[in-house]
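Notebook open, model loaded. I want to go through one sheet, then the pockets, then the ring pairs.

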Amino acid sequence: MNHPAILAPAGGLAQLQAAVRCGCDAVYLGAKGFNARRNAENFDETTLPEAAAYCHGRGVELYVTVNTMVMDCELDALEETAALIVQAGVDAVILQDMAALRLFRERYPSIRLHASTQTAVHNVDGALWLQEQGFDCIVLARELSLREMEKICRAVDIRTEAFVHGAHCMSVSGACCLSAMLGGRSGNRGLCAQPCRLDWRGGGRSHALSLKDMSLIGHIREMADAGVDYLKIEGRMKRPEYVAAAVTACRNAREGKPYDEQTLRAVFSRSGFTDGYLTGRRTPELFGYRRKEDVTGAEAVLGELAGLYRAETPRVPVQLRFFMHAGAPARLEATDGVRTASAVGGIPETARTRATDAAAAERNLTKTGGTPFLIQSFEAELDDGLMLPSAALNALRREALDGLLTQRSAGKPHTASDFVFSPMPRHAGPAEPAFWARFRTAEQIAGAERLERLERLILPAEAVDAAVIGRFGERLIAELPAVLFPEDEDAFDARLSALRDAGLRAVLTDNIYGIRLGRRLGLTVHGGFGLNIANSQALDYYAGQGLASVTASFELSMERLRALCGTLPRGAMAYGYLPLMRLRVCPLRTARGCSCAGAPALTDRLGVRFPMECAGKRYQTLLNSVPLHIAERDTRGLDYLLLYFTGETPEECARVIGEFTLRQKSTGPRTGGLYYRELL
């Protein structure tokens with residue numbers, strides 16, 4: 001059986017110590033900037049090297065998250081953060097943004113690159129694309145079943161990690177803009193305010209966007225057999241006792257020993273735990289929220305859990321060699337097989353009563369309690385009839401082991417190459433942007449093709465057939481599913497191949513898998529807003545991947561969006577009920593089955609209605625309550641504006657297209673989105 005490593009979260013030094021002392025194999029944490037948990041304590045130029053030293057001294061690897069979207073104005077700060085990280089000698093960085101990937105991969109080639117959960121790897125093509133970009137490890141989406149995890153693990157030649165315990169986001173990671181749109185606190189920027197945990201209503205239930213915490217600890221051996229290399233615990237915002245409980249449970253389960261689920265539930269849960277995604281049971285049982293009894297249950301177990309990490313855990317194998325000869329100072333060597341530390345003591349005396357023999361020396365010198373060392377072997381070379389006091393032996397042991405720990409803890413900075421970010425040419429867009437339109441159904445188009453300025457028509461691939469291809473020809477782009485899970489991957493591949501053979505020439509993708517899929521089938525690939533492109537370096541990176549155009553993230557301000565440099569054509573969402581979440585479990589599903597007929601929607605605690613869009617029961621999209629509409633705004637510098645139609649009638653679609661053609665301000669409910677306000 002594969003022996004997966006336990007990867008523990010640390011929001012601060014106390015959590016780090018708890019994780020290491022309870023037996024984790026690696027720790028992941030964030031620096032002060034560019035990490036998806038910016039509200040955690042996190043680590044700075046002083047505490048990050050301390051964390052690296054603490055971990056490495058005890059044989060534990062350290063990974064640092066650099067997994068938020070990066071703005072152009074932050075590239076200098078990104079370089080400073082990267083320098084801090086590599087100077088500390090950490091083992092790997094966890095990345096999302098392609099600018100960060102380019103920086104670490106090219107400037108610091110010796111550091112390992114792990115793909116963040118924000119990259120939303122949920123199928124084989126996505127995993128292989130990340131492998132091709134030079135990542136050493138990918139994290140599998142939390143929404144995958146065990147069989148789907150296995151399929152991806154078997155397809156790649158790099159390591160994989162999967163979450164095994166902790167919070168479930170309602171949305172697929174990297175595809176959630178709910179917090180940004182409702183409160184200006186972006187989850188893609190590390191400041192999610194968790195509005196999904198509030199009392200949303202739908203499907204006859206309360207808290208319809210809140211899932212129970214996952215706990216897959218009982219499935220660890222199955223996950224290991226499936227090929228998962230890292231068992232990742234969620235919880236960089238959690239207390240040390242939570243980390244201690246989760247690491248201890250994972251370690252016991254990995255070794256085939258029983259673990260205490262009740263204590264885990266008491267320290268933190270939301271209506272208990274679920275394994276619904278892993279087992280493929282995507283039912284209402286997945287939903288839960290933090291109740292009063294969940295909160296009060298923690299007090300009874302905190303003291304017991306604190307005891308788990310009160311003392312060092314002996315985990316580093318060490319060999320000792322002791323030398324004691326007449327007329328020479330006693331000497332002790334301690335080695336971990338790579339490094340050796342020596343301690344020299346006093347000259348032994350002639351024994352007057354009891355001599356210090358090998359057994360007596362071993363009793364004193366192998367007392368490693370309170371240290372991270374585990375004595376693997378002991379050898380002694382000594383002359384008969386000599387004596388060294390116990391205090392002197394103890395001092396030798398302390399000095400040798402302290403010296404070995406110091407050597408192990410010493411930082412090993414990564415060396416830098418000469419790479420620098422290339423200056424990007426200012427983008428020369430047209431005098432006025434063209435119009436592209438995305439429709440949910442072909443019936444919505446109803447005459448829109450007669451508008452000369454409607455340069456491109458986008459339809460979901462499921463709505464495209466030979467007749468549609470014949471009708472719209474080169475103007476048509478097929479929209480790939482925003483999420484495509486392995487159970488549907490082969491069938492969709494065949495369908496897209498058939499559409500290509502029928503004359504389809506271009507696709508649009510909101511996820512990295514579509515880049516590889518489209519190129520593999522010989523199709524032109526356009527990048528969607530779901531790629532979360534927010535800076536010129538990432539834009540240029542995707543240009544190098546062959547994308548024909550990119551719709552930038554709608555979390556950018558219009559000023560920043562228009563200032564993006566480089567030659568790749570770019571556009572912006574200009575109209576539409578913006579997608580706020582992509583969901584694999586339907587919040588409207590009841591015990592009787594799907595209830596998405598008609599005009600499905602959720603309501604928030606204020607009674608505001610948020611429409612839902614269902615993609616053939618494979619996934620759902622939560623849409624914003626009012627449409628984005630910026631027809632009258634200055635959008636010069638962009639190549640195109642994307643009108644994103646979802647549930648509108650053909651007449652409504654035609655009206656909106658007319659308003660944009662005439663640059664006419666909408667008189668109905670609307671929002672300017674995030675284009676004219678700054679995210680936190």
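**Hairpins first**

I started at the hairpin of strand 11 and strand 12, where six residues sit between the strands and Gly327 takes a positive phi near 75°. Note to self: this is a predicted model.

I then checked how strand 11 and strand 12 pair: they run antiparallel, joined by five bridges. For one register point I looked up Leu320, and its bridge partner in strand 12 is Ala334.

Next I moved on to the hairpin that strand 12 makes with strand 13. Four residues lie between these two strands, and Gly337 in the turn has a positive phi of about 100°. Strand 12 (residues 331-335) pairs with strand 13 in the antiparallel sense, over five bridges. I noted two positions in this pairing: Thr335 has Thr340 of strand 13 as its bridge partner, and Arg331 stands opposite Val344 in strand 13.

**The whole sheet**

In what order do the four strands of the open sheet come? I read it as 13-12-11-15, with mixed pairing. Strand 13 (340-344) and strand 15 (373-382) are at the edges with a single partner strand each, so each has one side left without a neighbour in the sheet. I also looked up the twist: neighbouring strands are turned by 15° against each other on average, direction ignored.

Which strands does helix 14 touch? Helix 14 (residues 358-365) packs on the sheet and touches strand 11 (316-324), strand 12 and strand 15. Its direction makes about 150° with that of strand 15. Helix 15 (residues 390-409) lies across strand 11, strand 12, strand 13 and strand 15. I have helix 15 running at about 150° to strand 13.

**Pockets**

I looked up the largest pocket, and its volume is about 800 Å³. It is lined by 42 residues, and the closest to its centre are Ala36, Arg37, Cys169, Cys192 and Gln194. I sorted that lining by class and got 17 nonpolar, 16 polar and nine charged residues.

The second largest pocket holds about 450 Å³ of space. Of its 24 lining residues, Tyr577, Pro611, Thr646, Gly647 and Glu648 are the closest to the centre. The elements that give two or more residues to this lining are strand 26 (609-615) and helix 21 (650-661). Strand 26 gives the most, with five residues. By class, I have 12 nonpolar, five polar and seven charged residues around the second largest pocket.

**Ring pairs**

How many aromatic pairs does a search of the whole structure find? I get 14. I picked out Trp200 and Phe610: the ring centres are 4.9 Å apart and the planes are at 65°, so I logged the pair as edge-to-face. Trp200 lies in the loop between helix 7 (178-183) and strand 8 (213-215), while Phe610 lies in strand 26, so this pair ties together parts that are 410 residues apart in sequence. I had already met strand 26 in the lining of the second largest pocket.

Terms used:
Residues numbered from 1 in each chain as written. Predicted model: local features only at pLDDT ≥ 70, side-chain atom pairs only at ≥ 80, totals over all residues. Heavy atoms only, no water. 1 Å grid on protein atoms, 1.4 Å probe; cavity = no way out; pocket = protein on both sides within 12 Å on 5 of 7 lines; lining within 4 Å. Points joined across faces, edges and corners; volume = space filled by probe spheres on them. Nonpolar A, V, L, I, M, F, W, Y, C, P; charged D, E, K, R; others polar. Pairing = 2+ DSSP bridges. Axes fitted to C-alpha atoms, helices over the stretch in contact; angles between N-to-C directions. Contact = heavy atoms within 4.5 Å. Phe/Tyr/Trp six-rings, centres within 6.5 Å; stacked < 30°, edge-to-face > 60°.
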